[in-house]
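Here is a brief report on selected residues. It covers burial, contacts and cysteines.

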Amino acid sequence: MQTPPIHDACSIILWKKTARGSAVLMGQRGAGASFMPHKFVFPGGRLDDTDHDAPFQSLDAQCQRRLGPLAGALIRCGLRELTEETGLELDRAQDLRFVFRAITPPRRSRRFDARFLMGPASALRQTAQPLPPDGELSHLTWVPLAEARRLDLPFVTELVLAEVAALLTGTPQDGVPFFETRGPRARFERIL
């Protein structure tokens, strides 16, 4: 079997405080999805050609540097996917923070070089309303971090949730974790 190409992608992790602790917005991929059916994931997806042309929304300088030359396109990708999959829009993209990067391991039907950006729900446009399920993401809900690991999650999403939980408790982040799987073995690096 030939290894599929690796496509750039971006996901947005929205979080908020609830009576049951910090919660993140997640949805379940449809049963007919060709990639990770039934899994609970963050809104996000593959970089499109149009993401290179849309107006630029900047992050802080350190996040942009860590994202690299595709920073603007990746931010636009994440924001576009958030709106397409949830109906929600961010008023303040500058509140986003680059928190994790992972490449889908070999032997998968599709592979992505995914960047995960995290931001508070308070940055959402207040007039935006969640969309009904469209087959791509359903069961869109605010999942308390303490309960998220009980869901049917991809391995990388478990890693990202652990990082998010640490950040929300005030743990400093010494570089962005990078789950690197381009070589013969998976390894962790840090993007400083």
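The notes below take helix residues, then a threonine, then the cysteines. The model is predicted.

**Two leucines in helix H4**

Helix H4 spans residues 155–168. Leu161 sits in this helix, and Leu168 belongs to it too. Leu161 has a relative accessibility of 4%, so it counts as buried. Leu168 is at 16%; the cut-off for buried is under 20%, so Leu168 is also classed as buried.

What does Leu161 touch beyond its sequence neighbours? Setting aside residues up to four places away, its contacts are Val24, Phe42, Leu145, Ala148 and Leu153. For Leu168, with neighbours within four places left out, the contacts are Trp15, Lys17, Ser22, Met118 and Leu145. Leu145 thus appears in the list for Leu161 and in the list for Leu168.

Two C-alpha distances add to the picture. Leu168 and Leu145 are 10.0 Å apart in space and 23 residues apart in sequence. Leu161 and Phe100 are separated by 9.8 Å, with their positions 61 residues apart along the chain.

**Thr86 in helix H2**

Helix H2 covers residues 71–86, and Thr86 is part of it. Is Thr86 buried or exposed? Its relative accessible area is 0%, so Thr86 is buried. Its side chain has polar partners in the backbone. The side chain reaches the backbone oxygen of Leu82 at 2.5 Å. A polar atom of the Thr86 side chain also lies 3.0 Å from the backbone nitrogen of Leu88.

**Cysteines**

How many disulfides does the model contain? The count is zero. Cys77 takes part in no disulfide. The nearest cysteine sulfur to that of Cys77 belongs to Cys10, at 5.6 Å. A disulfide needs two cysteine sulfur atoms within 2.5 Å, so a pair beyond that cut-off does not count. In general, a disulfide is a covalent bond between the sulfur atoms of two cysteines.

Cys77 is buried, at a relative accessible area of 0%. Cys63 is buried as well, at 4%.

**Burial at a glance**

The table collects the accessibility values.

| Residue | Relative accessible area | Class |
|---|---|---|
| Leu161 | 4% | buried |
| Leu168 | 16% | buried |
| Thr86 | 0% | buried |
| Cys63 | 4% | buried |
| Cys77 | 0% | buried |

Note on methods
Residues numbered from 1 in each chain as written. Predicted model: local features only at pLDDT ≥ 70, side-chain atom pairs only at ≥ 80, totals over all residues. Heavy atoms only, no water. Helix = DSSP H or I, 4+ residues; strand = E, 2+ residues; numbered from the N terminus. Buried < 20%, exposed > 50% of the residue type's maximum accessible area, 1.4 Å probe, protein only. Contact = heavy atoms within 4.5 Å. Polar contact = N/O pair within 3.5 Å; in protein donor to acceptor, adjacent residues only side chain to side chain.
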